[in-house]
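Hi everyone, and thanks for making time for this. I'd like to walk you through a structure that is new to most of us, one place after another. Here it is on the screen.

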Amino acid sequence: MPPLGEPIVALIQKCTAITSLREARRLHALLLTTTTVGSRSVYMYNIVLSMYARCGSVGDARKVFDEMPQRSVVSFNALAAGYSRSAETAGLALGLLKQLGGECLRPNASTFTSAVQASCALGDWLFGSLVHAQVVKCGFLSDLCVQTALLGMYSNCGDLDSARRVFGGIVDRDVVAWNSMIFGYLKHDKAKEGLRLFDSMLRIGVIPTQFTYSMVLSACSRLRNLYLGKIIHARVIVSSTEADLALGNSLLDMYCNSGDTQAAISVFNEMYSPDLVSWNTMIAGYSENGDGEKAMGLFSRLKKLSLLKPDEYTLAAIISVAGADLASDYGKLLHAQVTKAGLEKSMFVGTALVSMYFKNSETDNAERVFYSIPEKDVVLWTEMIMGYSRLADGESAIKLFKEMCKEGYMFDSFALSGALGACSDLAMLKQGEMIHSQALKTGFDVEMSVCGSLVDMYAKNGCLESTYCIFSHVLDPDLKCWNSMLGGYSHHGMAEEALKLFFEIKRHGLVPDQVTFLSLLSACNHSGLVEVGKFLWNCMKENGIPPGPKHYSCMVSLLSRARLLNEAEELIIKSPFNEDNLELWRTLLSSCVINKNLEIGVHATEQVLKVDAEDSATHILLSNLYASAGKWDEVVEIRRKIKELTLEKDPGLSWIEDKRNIQVFSSGVQSKEEVGEAGAALHWLQGNMVRSQRDELDEPIYTTYYVKRNVPRNLCMKSVHY
């Protein structure tokens with residue numbers, strides 16, 4: 001082969017620095033026109049092949065490979081390296097490994113590195129472990145590049161034990177090896193282990209890279225560890241590490257997730273050129289931390305930029321703000337922007353819109369958004385189920401959960417919790433038991449949220465044995481789970497057991513919250529434990545827990561039932577809800593009727609009617625109060641007023657659960673076809689009960705009188721009925 005001239009050598013050297021595909025093709029064309037076929041060496045082919053692989057054009061690289069008159073192991077390695085960079089072409093890299101053996105070439109360390117990287121891209125643990133065996137067999141296990149590739153493959157495939165063994169076998173670990181191991185921990189939700197490894201890395205003097213800092217800041221973000229995040233940020237500043245875009249975004253995410261939006265906006269303002277991810281992180285941070293006004297201000301700033309435009313994540317974050325602030329009109333304007341941008345079928349945006357409409361009690365709009373999205377994920381289904389549950393539409397929540405299962409979607413623990421919550425509210429034991437069986441089959445019964453919902457469901461359905469059985473099997477219950485068990489005892493008036501559980505909660509080092517004290521006060525109310533209730537009321541205030549409307553309602557009811565009407569009235573007057581929560585005054589008025597206390601009862605009535613002059617329940621209670629005091633003229637006047645205002649008491653509802661759905665009944669309603677069937681069934685049951693009662697009455701008569709006289713039973717029955 002004739003030697004290459006200096007111009008050709010210069011062209012070949014230039015190939016090693018080309019990263020633009022257009023430039024690569026021009027340079028390749030120049031080489032083809034300035035050289036003959038006989039002068040083109042394997043080295044030149046390999047350089048061109050590597051150039052195309054580096055530019056991301058594996059198709060062009062493959063053409064060069066196929067046209068080579070003779071190939072070396074370097075040729076295979078260059079093409080395999082290009083293939084292994086993408087999951088779409090990684091399988092072809094593994095195919096090259098077989099072809100290499102067919103051409104009687106021996107693989108080297110670079111070959112195995114590309115093969116392991118291809119297995120990593122495919123997530124193929126089995127093939128990766130087979131390559132590992134070949135690495136050991138061929139004696140390349142001590143090669144640092146091969147070790148790092150194996151470490152990355154095992155970490156990516158979730159085999160952290162094998163990754164640790166490979167990591168332990170690396171004698172001279174560089175920062176890439178440390179990063180691969182830390183990344184493996186973070187990818188598989190082991191943030192604490194990743195941070196411990198980062199600490200070990202610093203102790204032996206390895207200098208972290210920007211990528212290292214980005215990873216550990218993400219770990220702090222997941223753990224919401226603001227203190228450690230600040231320390232790492234300080235280390236970045238002290239070490240003079242240049243904060244690139246990825247590192248800056250990691251800092252934003254850490255501060256926003258930890259609730260320090262002030263520090264986050266400082267980092268954001270110092271960024272040279274924040275990208276859309278930066279803007280989205282900051283807007284979502286304000287939204288999640290309850291600062292909707294600043295989120296909207298930042299969104300307005302983003303819309304004024306010419307280079308960046310809001311995407312589906314931006315709109316999802318800002319729609320969440322509209323839902324949180326009940327800004328229905330603004331939310332609908334955002335919905336219009338979504339439609340204009342062509343993002344109405346996005347699952348992310350759709351989930352945010354569904355949440356917003358449910359928070360504004362606009363069920364119809366939420367349903368329209370939900371059914372307009374062709375491809376739904378479990379998050380969107382769960383949002384719908386939880387939305388129905390929050391609006392006390394448990395029947396729709398159960399139906400949607402069934403529809404979700406029927407369409408083959410894999411539910412998660414949150415969807416199960418939402419469906420179980422609906423069963424709790426409707427006291428649907430059969431449905432709850434079926435959902436429980438689904439949780440057992442899928443393994444979600446060990447999830448804390450599902451355990452708490454199961455405890456609550458069985459408790460509200462009166463199955464305290466099942467409730468306690470589930471609760472006792474929870475290894476480390478959180479406060480929500482404890483509260484569910486406490487609520488079960490409270491629901492059934494078991495004050496002593498509820499108080500024991502309260503002290504058990506404190507013994508486990510958990511801090512009781514508003515829900516805890518509400519269940520305790522409710523239990524005291526059911527059992528009439530006034531002094532205990534007062535103790536808990538003071539205990540709640542001492543712990544800095546402000547009583548809510550339901551706490552005041554329980555306490556007023558407790559005092560009223562104990563005939564401490566003056567104390568109850570004083571408590572209502574001092575409460576911050578005395579004008580908004582009319583139920584407090586109604587509770588007091590009801591007790592005044594029972595205890596015939598006209599003075600306090602009239603005052604309670606005035607407080608309610610001052611806000612709602614046509615409140616039917618209050619007028620009826622006032623009529624009963626005057627009747628109990630013997631003031632019949634006032635009774636006549638009140639009842640005349642009730643007729644004039646055409647006030648009616650809201651009817652109570654009853655429902656029964658059949659095999660497929662729920663039947664709701666109310667007194668005086670005769671419009672449903674099922675009422676006739678229910679009436680016929682009731683008469684049939686009544687007839688059976690009458691016959692059964694007669695049988696029970698007849699039996700002692702027969703045994704005590706007729707048996708002694710040896711009278712046949714059929715004759716004795718005739719005599720009795722005659």
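Let's begin in a loop: Ala427 sits in the stretch between α25 and α26, and α26 covers residues 429-442. One thing to notice is the backbone here, since Ala427 has a positive phi of about 55° even though it is not a glycine. As for its surroundings, Ala427 is partly exposed, with a relative accessible area of 39%. Please keep in mind throughout that this is a predicted model.

There is another residue with this kind of backbone angle. Ser240, again not a glycine, has a positive phi of about 60°. Ser240 belongs to the loop between α14 and α15. Is Ser240 buried or exposed? With a relative accessible area of 64%, Ser240 is exposed.

Now to the empty spaces. Rolling a probe the size of a water molecule over the atoms shows where empty space is left. The largest pocket has a volume of about 1,200 Å³. Its lining is made up of 33 residues, and those nearest the centre are Asp425, Asp456, Lys460, Lys480 and Ser484. If you'd like to trace the walls on the screen, the elements giving two or more residues to this lining are α23 (378-390), α25 (413-426), α27 (448-460), α29 (479-491), α31 (514-527) and α33 (549-561). Which of the elements gives the most to the lining of the largest pocket? That is α25, with seven residues. Sorted by class, the lining of the largest pocket has 19 polar, eight charged and six nonpolar residues.

Let me stop at one of the residues by the pocket centre. Ser484 is part of helix α29. With a relative accessible area of 9%, Ser484 is buried. Setting aside neighbours within four places in sequence, Ser484 is in contact with Gly452, Val455 and Asp456. Asp456 is also one of the residues listed as nearest the centre of the largest pocket.

On to the second largest pocket, which holds about 320 Å³ of space. It is lined by 14 residues, and Ala243, Asp244, Gly248, Glu270 and Met271 are the closest to its centre. Helices α14 (226-238), α15 (245-257) and α16 (261-270) each supply at least two residues of that lining. By class, the lining of the second largest pocket has eight nonpolar, four polar and two charged residues.

What about enclosed space? A search of the whole structure finds one cavity of 30 Å³ or more. About 50 Å³ of space lies in this largest cavity. The residues lining it are Phe76, Ala80, Ala93, Leu96, Leu97, Leu100, Thr111, Ser114 and Ala115. At least two lining residues come from each of α5 (73-83), α6 (90-102) and α7 (109-122), and α6 gives the most, with four. By class, the cavity lining divides into seven nonpolar, two polar and no charged residues.

Next, the packed interior. The largest nonpolar core has 161 residues, and Met282 and Leu588 are the ones with the most contacts inside it. Beyond its neighbours within four places in sequence, Met282 is in contact with Leu252, Cys256, Thr261, Ala264, Ile265, Phe268 and Leu298. Apart from the largest core lies another one, of 27 residues, including Ala24, Val48, Cys55 and Ala90.

Let's visit helix α9, residues 144-156, where we find Gln147. Gln147 is buried, at 8% relative accessible area. Not counting residues up to four places away in sequence, Gln147 touches Leu141, Ser142, Val166, Gly169 and Ile170. Asn156 is in helix α9 too. The C-alpha atoms of Asn156 and Gly123 are separated by 6.9 Å, with the two residues 33 apart along the chain. Asn156 touches Gly123, and also Cys120, Lys187 and His188, leaving out residues up to four places away in sequence.

That brings us to the cysteines. How many disulfides does a search of the whole structure find? The count is zero. Take Cys120: the closest cysteine sulfur is in Cys157, and because the two sulfurs are 6.2 Å apart, they are too far for a bond. Elsewhere, Cys145 counts as exposed, at 51% relative accessibility.

That's the tour. Thanks for listening, and I'm happy to go back to any part of it.

Notes. Residues are numbered from 1 along each chain as its sequence is written. This is a predicted model: local features need pLDDT of at least 70, side-chain atom pairs count only at pLDDT 80 or more; totals for chains, interfaces and linings use all residues. Side-chain values use heavy atoms; hydrogens and water are left out. On a 1 Å grid over the protein atoms alone, a cavity is a set of points where a 1.4 Å probe fits but cannot get out, and a pocket is an open set with protein on both sides within 12 Å along at least five of seven lines; lining residues have an atom within 4 Å of a point. Grid points are joined across faces, edges and corners, and a volume is the space filled by probe spheres set on the points. Ala, Val, Leu, Ile, Met, Phe, Trp, Tyr, Cys and Pro count as nonpolar, Asp, Glu, Lys and Arg as charged, and the others, Gly among them, as polar. Buried means under 20% relative accessible area, exposed over 50%, partly exposed in between (1.4 Å probe, protein chains only). Contact means heavy atoms within 4.5 Å. A nonpolar core is a set of buried Ala, Val, Leu, Ile, Met, Phe, Trp, Tyr and Cys residues joined through side-chain atoms within 4.5 Å. A disulfide is a pair of cysteine sulfur atoms within 2.5 Å.
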